[in-house]
Structures are given as C-alpha cells and as structure tokens.
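Colleague: I'm new to this one. Could you show it to me and explain the words as we go?

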Amino acid sequence: MKPIAALSVTPEVYPLIKTGGLADVAGALPGALAAEHVELRTLCPGYRPVLAALENSKTVARFNELFGGPARVLAGRAGGLDLLAIDAPHLYDRDGGPYAGPDGRDFADNGFRFAALAKVGAEIGLGQIEGWRPRVVHAHDWQAGLTAAYLHYSGRPRPGSLITVHNLAFQGQFPAAVFPALGLPARAFSIEGVEYYGGVGFLKAGLQLADRVTTVSPTYAEEIQQGHSGMGLDGLLRMRGSQLAGVLNGIDTAVWNPETDPMIAAPFSAKKLAARAENKKALQARMGLAHAPDRLLIGVVSRLSWQKGLDLLLACLNFFDEHNAQLVLLGTGDPALEAAFQDAARQHPGRIAVHFAYEEPLAHLIQAGSDAILVPSRFEPCGLTQLCAMRYGAVPVVSRVGGLADSIIDANEMAIHANCATGLQFSPVTSEALAGALRRCATLHARKAVWKKVQLNGLKTNVSWSIPARHYAALYREVAPA
Ligand code: ADP
Ligand code: GLC
C-alpha cells in the first residue's frame with residue numbers, strides 16, 4: 001500500500017497535555033496509523049509542558065504575525081511522538097491548563113488561541129513546511145474546527161480535510177466581533193461558512209466545511225443527528241449525514257497492559273487472573289477501605305460533570321450498605337459533586353472512598369483492582385474507561401448510550417449462554433435504572449463462574465487501535481486529493 005502523509009491538528013495530546021479522552025486518542029493515532037502506512041504528524045499548541053518536552057527541535061515554519069505576535073513551528077520528538085508545536089508565547093506561555101487559568105476561568109482570548117492552531121494547521125496543509133506536505137489534515141473538536149475553513153477559503157489546491165467530533169457539548173461559539181481578526185474572506189461569515197447563531201461557530205465551521213465528519217462511535221453518530229442529542233447542530237449533521245461516520249475509539253494497549261503496567265501492584269493476564277487479587281488488596285489499602293477479597297468493589301474514574309451522570313450514583317448509595325459492597329471514586333470537576341461524594345465517604349467509612357485529583361497511577365490501580373467499573377453517563381461519545389476496564393478484567397457497568405452502547409455486550413441470559421457478555425448495560429439513564437444495574441451487578445458477582453467468564457470475555461476483546469486505525473486510514477485515502 002502506498003504511504004500517505006497526514007497531519008493531526010489537536011489541542012491536547014497524551015502524554016504531554018491532557019484534560020480528557022481526546023488527548024488519549026490524539027496520542028495513540030500516530031502509532032496506530034503507522035501500521036496502516038499513514039505517516040501522521042501531530043500539531044498542537046506550544047503550551048509550557050509541550051515545549052519543555054520537545055527534544056532536538058528545529059524551526060520548520062515562521063509566522064510574522066499570528067493573532068497578536070510572531071510565532072514559529074518547532075518540529076521535534078516529545079512523548080514518543082513526532083510533534084509539531086506552535087511556539088507563540090503571547091498565546092500559549094501561561095499558567096494554568098490548556099483552556100483556563102489557575103482560577104479555573106477560560107482564557108478571554110481562546111477564540112484567537114485556537115484560531116491560531118487551525119490557521120497553522122491549514123498553512124502546513126497548504127505546504128508551509130519545506131519538504132513535507134500532508135495530503136490529509138485531520139482536525140479534532142472545536143479547537144481545531146476552523147482548520148477546514150482556512151483550507152476551504154484559501155482558494156489554493158488543498159489537502160483533504162476531516163474533522164472528528166469527540167464531544168458535541170463543546171462547540172467553540174464566539175461573538176461576531178472576533179470575525180474580522182480571523183483573516184477569512186467576508187463571505188465566510190454566512191450560513192454556508194463559519195457563521196452560527198449570529199456569531200462564529202468553530203465546531204460548526206468544521207462540520208460545515210470538512211470533506212468528512214467523524215465522531216467516536218456509531219451510536220453517537222446516530223444520536224447527534226437527532227434533536228434531543230444534537231445540541232443545536234443536528235440539522236447540519238443530518239445534512240452532512242452521508243459524509244458522517246462513527247469510528248469507535250481504541251485504547252493504547254501498550255500504556256494499558258496488565259502484564260507490564262508499572263503503575264499496578266501485581267501483573268496479571270487472562271491466564272493468570274488470580275494474580276489480579278493483589279491489586280484489589282493494594283487498592284483497598286491505598287484508599288483506606290476494609291480489606292475484603294470477596295466483597296464487590298466498584299470503581300469510578302471520571303471527570304465529575306453532568307455528562308458523566310455521577311449525581312445519579314449519589315441517589316443509590318444505600319446499595320453499598322445493603323449489599324455490603326465498596327466504592328472507590330477518582331475524579332475531579334464540579335465542586336458540588338466533589339462535596340457530595342466527600343460527604344458520602346464520611347458517612348460510609350471503610351465502604352466508600354474518594355480521591356479528588358487527576359492521578360494516572362491511581363486510575364490504573366482502580367482498573368486493576370476493582371471488580372466492576374461504573375460509567376453511568378447521560379451521553380458518551382465513546383468513553384475510554386470501559387475499554388480500559390475490559391482490558392483489565394474489571395466488568396463495566398454502563399448506561400446504554402453512545403460508545404458505551406457500542407462497546408459493551410450486556411450480560412443477559414442469552415449473552416451469558418453464548419459466552420459473549422462483557423458487562424452490564426442499563427437504560428434509561430436514571431437513578432432507578434442505575435440502582436437496578438447495581439443490583440444485577442451484585443447478583444452476577446455472586447455467580448462466581450459466570451462472573452469470571454464475563455471478565456475473560458472482556459480481557460479477550462480487541463480494544464486496541466487496530467480496527468479503528470483501518471477505518472481512519474481508509475477515510476484518509478478517500479479524501480486525499482488524487
Ligand atoms: P472524557 O474524555 O469525556 O473525560 P473518556 O472516557 O473518553 O472521557 O476519557 C477519560 C480519560 O481520562 C481516560 O483515559 C481516564 O482514565 C482518564 N481520567 C479521567 N479522570 C481521571 C482522573 N481523575 N485521574 C486519572 N485519569 C483520569
Ligand atoms: C470526549 C468524550 C469521550 C471520548 C473522548 C475521546 O472527551 O467525552 O466519550 O471517549 O472524547 O474521543
């Protein structure tokens with residue numbers, strides 16, 4: 001197969017900068033696509049941790065003026081990636097995270113910070129880097145949404161363009177006043193262009209103008225074309241329906257490998273499943289839970305936001321008393337949810353333990369040591385934690401939405417009989433249905449032989465990037481100009 005060069009334009013990339021699963025995806029795609037003969041380089045903003053990680057970098061492009069100051073593109077290795085970073089101190093050299101300052105408030109100039117990412121992505125697509133010209137530019141989420149617009153309105157021979165929606169809830173909507181500074185022609189401010197509800201819609205622009213639109217699961221691709229899940233963009237998504245595809249994410253099976261993971265207490269595998277018990281013991285000890293090898297231990301690793309539905313769990317806490325079960329929750333986000341879970345832990349010592357931080361080693365130990373992993377999302381474009389759970393022999397208990405519906409096979413009696421069950425699903429996403437799922441989980445856990453089969457089915461499931469990488473490579477080849 002003929003190799004093809006492509007550029008990924010992303011606001012986050014694991015292991016350099018991450019707020020959610022988008023970073024995992026952007027970090028894993030280049031390696032996965034290499035196997036499909038795609039040479040994928042990654043462009044991201046030069047935030048402090050990104051520039052600090054960049055090794056043997058050299059300047060490959062310069063911009064005299066990029067939204068208020070000079071900028072250059074540095075090429076080098078970082079975190080195992082072939083990275084292109086935008087060195088623009090006036091935009092990215094700041095305290096805080098990629099989108100907000102230390103006070104948690106979004107940066108006032110995010111419109112320009114991410115227009116700059118898209119602009120540079122498009123310029124590289126148009127040949128700005130000497131000796132390297134991608135035939136496809138793949139933008140991720142609203143932050144890179146304008147990439148397709150800059151390409152489209154350049155009026156020059158351009159590479160194919162693709163946008164992936166990781167979460168339709170974040171749309172990058174800015175007031176019309178930013179438009180003149182974007183450097184797009186006046187006609188771009190129209191319904192066929194970047195205009196959205198009287199302002200500039202970064203994600204809308206990408207959905208409108210990219211050659212292909214993908215999202216991260218087939219079910220989410222269907223859901224977002226419907227009014228109640230389309231978040232205002234369903235009409236446009238229906239219009240683009242024939243160019244819209246859902247490609248289920250994978251996980252990086254080198255980062256998530258229970259046989260070699262240095263962050264867990266004891267390695268294990270499908271063949272050595274008993275060794276998993278050491279991880280449960282270590283997790284209980286680490287979190288101050290009673291050591292109890294046979295008690296059902298349910299884990300949660302999540303952003304604490306409305307999307308993730310964890311407020312519903314607060315209404316089900318008596319389950320843990322009634323079934324003598326344990327809960328470990330690792331997450332950060334909504335202060336009200338943190339406070340409520342803190343209270344829950346105080347009221348259920350030894351039974352409920354919480355940790356409010358972003359902490360990768362603990363996330364790995366929870367996957368390795370919990371019996372079940374709960375993901376009760378109200379909507380979930382894909383979700384990665386249920387894939388990690390399968391890989392780590394924890395049984396996912398998930399709501400039947402988006403990528404959760406696509407990745408988990410519910411352990412109903414037929415599926416148990418056919419020996420293909422990998423977890424439990426519930427619907428609708430209410431606390432009553434969640435309570436029902438928790439009870440089903442306890443019942444299943446008590447059927448030791450069946451439970452083990454479900455664990456093993458998960459462990460055997462291919463959750464790697466090998467299948468999705470084929471899809472992306474095929475899409476790249478479709479949109480690349482002849
Ligand atoms: P989203 O991107 O919507 O947050 P995903 O399930 O796609 O949801 O991805 C979440 C990723 O972030 C997973 O890799 C998960 O392990 C990780 N993660 C979430 N919260 C934490 C946390 N508090 N500590 C460590 N890792 C976390
Ligand atoms: C978003 C979604 C999540 C998805 C991730 C990676 O953050 O919320 O469901 O897994 O992107 O695509």
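Modeller: Sure, starting with "helix": helices (H or I, at least four residues) and strands (E, at least two) are DSSP runs, numbered from the N terminus. This is a predicted model, where local features need pLDDT of at least 70, side-chain atom pairs count only at pLDDT 80 or more, and totals for chains, interfaces and linings use all residues. Residues are numbered from 1 along each chain as its sequence is written.

Colleague: Which helix gives the most to the lining of the second largest pocket?

Modeller: Helix 18, with five residues. Helix 18 (448-460) and helix 9 (277-287) each supply at least two.

Colleague: What makes a residue part of that lining?

Modeller: Lining residues have an atom within 4 Å of a point of the pocket, an open set on a 1 Å grid over the protein atoms alone where a 1.4 Å probe fits, with protein on both sides within 12 Å along at least five of seven lines. Here 19 residues line the pocket, with P293, D371, H445, W451 and Q455 nearest its centre.

Colleague: Why is strand 13 called mostly covered?

Modeller: Buried means under 20% relative accessible area (1.4 Å probe, protein chains only). Seven of the eight residues in strand 13 (297-304) are buried, so "mostly covered" fits.

Colleague: How do you know that strand 13 pairs with strand 14?

Modeller: Two strands pair if DSSP finds at least two bridges between them. Strands 13 and 14 (326-333) have eight, in the parallel sense, so they count as paired. R303 stands opposite T332 of strand 14.

Colleague: And what joins strand 13 to strand 16?

Modeller: Two bridges, with the strands running parallel. G299 has I373 in strand 16 as its bridge partner.

Definitions and conventions
Chains are lettered from A and ligands numbered from 1 in the order in which they are written. Side-chain values use heavy atoms; hydrogens and water are left out. Buried means under 20% relative accessible area, exposed over 50%, partly exposed in between (1.4 Å probe, protein chains only).
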